[in-house]
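Please open the model in your viewer and keep the selection tool at hand. The stops below follow one another, and each names what to select and what is found there.

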Amino acid sequence: MSAHRKPRQRPLSSNTARTAATIALAGAATAAGFDGTGHAAPQLTPAQVRARVDKLYQQAEAATEKYNGVKEKADTAQQRLNTLRDEAARKQQKLNTAREALGSIATAQYRGGGIDPTLQLALSDDPDQYLEGAEFAERAGDRQAQAVTRVRKHLREIEQLRGAAHVELASLRSSQAELKRRKKTVTAKLEEARRLLSRLSPRDRMPTPAEHASRPTPHTRAANSRAAAAVAYAYQKLGSPYVWGATGPNAFDCSGLAQAAYRSAGISLPRTTYAQINAGRRVSRSELAPGDLVFFYSGISHVGIYVGNGQMIHAPNPSAPVRLAPVDEMPFAGATRVA
């Protein structure tokens with residue numbers, strides 16, 4: 001019998017060797033996990049979580065201001081569209097009236113037979129009566145021409161209104177689609193912030209803030225009575241909840257609070273922070289007086305109402321209500337005196 005020889009093993013290829021090494025490392029890592037000797041991802045400290053949440057709130061607020069701007073544009077487009085539709089309806093009514101008048105003239109002509117005037121004169125038993133009738137027919141012809149002109153005019157106007165309405169409708173639909181995108185961005189940022197905060201104990205979620213101190217009365221005078229009225233309104237709203245997109249009277253976002261405060265003083269402000277900063281005269285930080293609007297971050301994405309003593313009243317974010325805070329708490333970007 002021939003001897004049985006052990007088959008010679010083929011050497012591993014480089015790819016096979018790498019695969020085997022990877023599997024071995026993975027197994028080692030799994031074993032280490034079961035042994036309790038694996039290393040978990042580093043946990044964020046409460047301060048790091050708060051910093052991340054603050055950043056998310058800042059990003060959400062920037063997106064909110066963009067949302068507010070688009071919503072204002074959509075509301076304006078909707079108002080213009082409604083106006084155009086109302087005007088088109090009025091023009092349609094005038095067109096209907098003009099068409100009825102034209103129809104009456106056409107009916108009268110049909111009943112008159114439309115005979116050539118020279119032949120009618122030759123056949124008439126009473127030429128004088130015929131001549132009076134011919135004059136009436138000429139006047140009726142003038143009325144017919146005027147009626148046709150009116151119909152054509154109303155048709156052109158209605159067509160123009162429909163074209164303008166089509167443009168406004170396209171603009172409105174575009175704005176509505178953008179609103180959905182902006183809203184999705186805001187809600188995603190806020191949801192992530194809530195998720196991060198849920199990891200912290202109530203004690204760790206917020207540091208003891210200076211803004212929870214007693215409510216001081218401003219020691220500097222407002223620029224004028226309207227600015228003073230805006231400051232008084234802001235004080236009345238301390239503790240009101242932050243709701244993105246809200247303009248009062250019971251909830252606010254940052255620019256909504258500024259707008260509502262000055263609305264109570266008889267001044268109409270734009271809706272967004274990046275428009276509000278251009279709504280008055282720019283003032284330096286050293287010139288601040290109660291009632292001035294103070295803006296923050298490079299994108300002008302946050303606004304507060306200065307109340308004196310280095311303090312402002314603002315609507316910070318969903319984690320905190322309308323409150324007093326130091327102007328120094330955020331990166332200062334500029335200030336505007338609107339009254």
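**A charge over a ring**

Begin by selecting Arg285 and Phe332, where Arg285 lies over the face of Phe332, 4.8 Å from the ring centre; a charge sits over a ring if NZ of Lys or CZ of Arg is within 6 Å of the ring centre and within 35 degrees of the ring normal. Lys66 lies in the same way over the face of Tyr274, at 4.9 Å from the ring centre.

Before going on, note that this is a predicted model, in which local features need pLDDT of at least 70 and side-chain atom pairs count only at pLDDT 80 or more, while totals for chains, interfaces and linings use all residues. Residues are numbered from 1 along each chain as its sequence is written, and side-chain values use heavy atoms, with hydrogens and water left out.

**Confidence**

Colour the chain by pLDDT, the predictor's confidence in each residue, from 0 to 100: the chain averages 76, and 69% of the residues score at least 70. Over residues 118-124 the pLDDT is below 50, and it stays under 50 over residues 208-219 as well. Where pLDDT is low, the predicted coordinates should not be read in detail.

**Strand S2 and its partners**

Select strand S2, residues 293-296; helices (H or I, at least four residues) and strands (E, at least two) are DSSP runs, numbered from the N terminus. Leu293 and Phe295 on one side of S2, and Val294 and Phe296 on the other, are all buried, where buried means under 20% relative accessible area, exposed over 50% and partly exposed in between (1.4 Å probe, protein chains only).

Add strand S3 (residues 302-308), which pairs with S2 in the antiparallel sense over four bridges; two strands pair if DSSP finds at least two bridges between them. Then add strand S6 (residues 332-337), joined to S2 by four bridges and also antiparallel. In S3 the bridge partner of Phe296 is His302, and in S6 that of Val294 is Ala335.

**Aromatic pairs**

The structure holds three aromatic pairs; rings of Phe, Tyr and Trp (its six-membered ring) pair if their centres lie within 6.5 Å, and planes under 30 degrees apart count as stacked, over 60 as edge-to-face and the rest as tilted. Select Tyr67 and Trp244, which are edge-to-face at 4.7 Å centre to centre, with 75° between the planes. This pair links Tyr67 in helix H2 (residues 46-112) with Trp244 in the loop between helix H6 (225-236) and helix H7 (254-264), 177 residues apart. Both Tyr67 and Trp244 are buried.

Phe296 and Phe332 form another edge-to-face pair, at 6.1 Å centre to centre and 80° between the planes. Because Phe296 lies in strand S2 and Phe332 in strand S6, this pair ties together parts that are 36 residues apart in sequence.

**Salt bridges**

A search of the whole structure finds eight salt bridges, each a side-chain nitrogen of Lys or Arg within 4 Å of a carboxyl oxygen of Asp or Glu. Select Glu192 and Arg52, whose side chains meet in one of them at 3.2 Å, N to O; Glu192 lies in helix H4 and Arg52 in helix H2, so the pair ties together parts that are 140 residues apart in sequence. Adding Arg195 shows a network of salt bridges linking Arg52, Glu192 and Arg195.

Finish with Asp292 and Arg337, whose side chains meet in a salt bridge at 2.8 Å, N to O. Asp292 is buried, and so is Arg337.

Note on methods
Contact means heavy atoms within 4.5 Å.
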